[in-house]
Every structure is written in structure tokens, then in C-alpha cells.
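These are my notes on the model, set out as numbered points. They cover the helices, the sheet, the charged pairs and the cores.

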Amino acid sequence: MKKLLIATDFSATAKHAAEYAYLLAKQLKAGLFLCNTITIPAEVPMSGMAAWPQGESDTLLDDSTEELKRLKAHLEQTDHTDTFRPPVDYLNETGTVRDIVNDSTFKQRVDVIIAGAHHQDGLGTLLLGNHTHELIETCIRPLLIIPPTASFKPIKKIAFATDLEHLEHDLEQLYELIEFARIVDAEILLTHIHTGNNHSMNFEKGIEKFLVEISNKANYPHIYYRIIKQNKVELGLDWLCEHGQIDILAMAHHKHDFLDSILYGSHTKKMAGHITIPLLVYPDTKAEH
């Protein structure tokens, strides 16, 4: 684990996420990269919209740079320990959140992107552009979403939620999660929310065989499995976060078509809207960014 990127808009939520990320970087012995994006309207204004004043973008970039310097100083000055102190760098550019974050992630060889959670409030948030949701859809590296209620504590137990319907894809992400867990010596709880009738004995045996295979291939023995019976997936995940004594919930994000996303959303987005502990989202590796 070499570097964490913090996508910030200087809000209170983003500042809290940066503070969490700094403490996580200390545990991982990783560097931090603060990233801010300034979106400039098109030079040719649309009907009813005012033109962007000349030179305004330079002013915004200067202001953003000062905010990034203040955030960097805040993180460094509040660290009164004599343990590893993460190196902190920063960047601000004009463009879209998607392009700037992914471009910076690629160039800086970022391992994990970190952002604050924005609570979901229906169609308005999705259609108007929630930056956290946009990153869920487009990020090229795992995205760690930090809710305002999450306080940092050393990571010891990570739950990986799977529906067992995208097993090939989930396996790829699970192996990557194992490498993350190995660094912090954390347990992984492979979790399935069962919304139907009882599983058969063959299903249980298949899962046990699946776990043994994963542990042997990854050479990581700290992987366990749990079925949670609940009529709705989100309710089962809520129960897991509240009673499972986990520090992070991890999920692989599977793409939906645009209409389905608007009408129903994904389990990942629903959880990102109200979860109380950090949510680690693995991107859809089959998607084009």
C-alpha cells in the first residue's frame, strides 16, 4: 500500500474523511494525495445562463490551492504522535470530478480513493450529480466512502458482502481485498444476505469448499463466512454493520443500466446513502472509464 487519494470539496464531510484517511495512512504507512476539482462552465453559455467571467477560473484555482494548503497543515499539525507521519501532497485542476480523480489516480499510482459520504435524497441527488455516486460509477481503483459518523479505529475486521451471483467478478475483488487485509492483519468475513428460503446442504458444502479454495490460493487463513437471513438486502447489511463488530464493509459494484439506476439504484449506492461505518467499493472492472 503506497498512496491514498482524498477527493475533497472542502466541506465538513470531506474534512472528516481527510482526517480519517490520515489516520488510516498511518496504519498502512502510506502517503496521502489531496485532490480538488474545479468545474468550469462551458465558454459558450446556454440559454438563460450567464457567461463565466474571464479570469475567474484562476481565482478559483488560487483559492483552492490555499484551502489545500490549510487542509494539509491541519492534518500534519494535529498529529502529535511519534509514529509514522504520512507524507501529504496535493493537486487542484479544472475539469470533471471523474476525469481529474481518475487521471490523478493513474499518474500517482494511487491504491485507494477516499471520499466523504453524501446522504442520498432520492432522484434529485442522482440526477443533479452527487460526487460520491459519480465516483462509485467511474473510479478506476477501490473507493473508500467515509460517513460523517465514522470515527477511526485500527482495522481488524472487514466484511465482504456478496450476492454469489457475480462470483467470478467478486473473486477478483476478494483477492485484492485479501492483500489489503494482509497489510493490517485483519479478518475477512465473507457475507451473503439470504432473502429466500433455506439453503440446501449442498449449498453449504459448496461454500465451505469455496472458502478453503480461497484461503489456500491466497495463503490467507483469516477468512470466514456468514449467512444473514433477511427479507431485504439493505436491512441485512444494516444489521451486519450494527451487530457484526466490523470496521469496514466492502462490496463489489455491479453496473445497472441508466434507467434501472435511477428507478431502483444499486445496493452499493443505497448503502452509501446511510451507512454509519466506512464502505469500501470495488469498481466494475468490466466497465470502460
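1. The expected span of a helix is taken as 1.5 Å times one less than its number of residues. The model under review is a predicted one. In it, helix 1 has 17 residues, and the distance from its first C-alpha to its last is 24 Å, close to the 24 Å expected at 1.5 Å a residue. The helix is followed by Lys-29, which has a positive phi, near 55 degrees.

2. Which residues of helix 1 are buried? They are Ala-14, Ala-17, Ala-18, Tyr-20, Ala-21, Tyr-22, Leu-24, Ala-25, Lys-26 and Leu-28. The charged member of this list, Lys-26, has a relative accessible area of 13%, and buried means under 20%. Lys-26 comes up again in point 6.

3. The sheet is open and mixed in its pairing, with 10 strands in the order 3-2-1-4-5-10-9-6-7-8. Strand 3 (88-94) and strand 8 (223-229) are at the edges; each has a single partner strand, so one side of each has no neighbour in the sheet. On average, and with direction ignored, neighbouring strands are turned by 25 degrees against each other.

4. Inside that order, strand 6 (residues 157-161) runs parallel to strand 9 (residues 248-252), and the two pair over four bridges. Opposite Phe-160 stands Ala-250 of strand 9. Helix 8 (residues 233-243) packs on the sheet and touches strand 6, strand 7 (187-194), strand 8 and strand 9. The direction of helix 8 makes about 150 degrees with that of strand 7.

5. Helix 5 (residues 131-138) also packs on the sheet. Its contacts are with strand 1 (3-7), strand 4 (112-116), strand 5 (143-146) and strand 10 (279-282). With the direction of strand 5, that of helix 5 makes about 160 degrees.

6. Side chains of opposite charge can pair when their charged atoms come close. Searching the whole structure gives nine salt bridges. One of them joins Lys-26 to Asp-79, with 3.0 Å between the closest N and O atoms. Lys-26 is in helix 1 (residues 12-28) and Asp-79 in the loop between helix 2 (56-77) and strand 3, so this pair ties together parts that are 53 residues apart in sequence. Asp-79 is buried at 8% relative accessible area.

7. Asp-79 has a further partner in Arg-85, where the closest N and O atoms are 3.8 Å apart. Arg-85 is partly exposed, at 40% relative accessibility. Another salt bridge links Asp-103 and Lys-107, at 3.2 Å from N to O. These two are four residues apart in helix 3 (residues 97-107), which means a separation of about one helical turn. Asp-103 is partly exposed at 31%, and Lys-107 is exposed at 60%. Through shared partners, Lys-26, Asp-79 and Arg-85 belong to one network of salt bridges.

8. How many residues has the largest nonpolar core? The count is 47, and the residues with the most contacts inside it are Leu-4, Leu-32, Leu-144, Ile-158, Phe-160 and Leu-177. Helix 1 gives the most to this core, with eight residues. A second, separate core has 32 residues, including Ile-113, Ala-115, Ile-145 and Leu-279.

9. Ile-158 deserves a look on its own. Not counting residues up to four places away in sequence, the partners it touches include Leu-177, Phe-180, Ala-181, Ile-188, Ile-248 and Ala-250. Glu-187 is also among them.

10. Leu-174 lies in helix 6 (residues 167-184) and is buried, with 2% relative accessible area. Beyond its neighbours within four places in sequence, Leu-174 contacts Phe-160, Ile-188, Leu-190 and Ile-214. Leu-174 and Met-251 are 77 residues apart in sequence, with 9.2 Å from C-alpha to C-alpha.

11. Where does His-253 sit? The residue is in the loop between strand 9 and helix 9 (258-263). His-253 is buried, at 1% relative accessible area. Its contacts, leaving aside neighbours within four places in sequence, are Ile-136, Glu-137, His-169, Ser-266, Thr-268, Val-281, Tyr-282, Pro-283 and Asp-284.

How values were computed:
Residues numbered from 1 in each chain as written. Predicted model: local features only at pLDDT ≥ 70, side-chain atom pairs only at ≥ 80, totals over all residues. Heavy atoms only, no water. Pairing = 2+ DSSP bridges. Axes fitted to C-alpha atoms, helices over the stretch in contact; angles between N-to-C directions. Contact = heavy atoms within 4.5 Å. Salt bridge = Lys/Arg side-chain N within 4 Å of Asp/Glu carboxyl O. Buried < 20%, exposed > 50% of the residue type's maximum accessible area, 1.4 Å probe, protein only. Core = buried A, V, L, I, M, F, W, Y, C linked by side-chain atoms within 4.5 Å.
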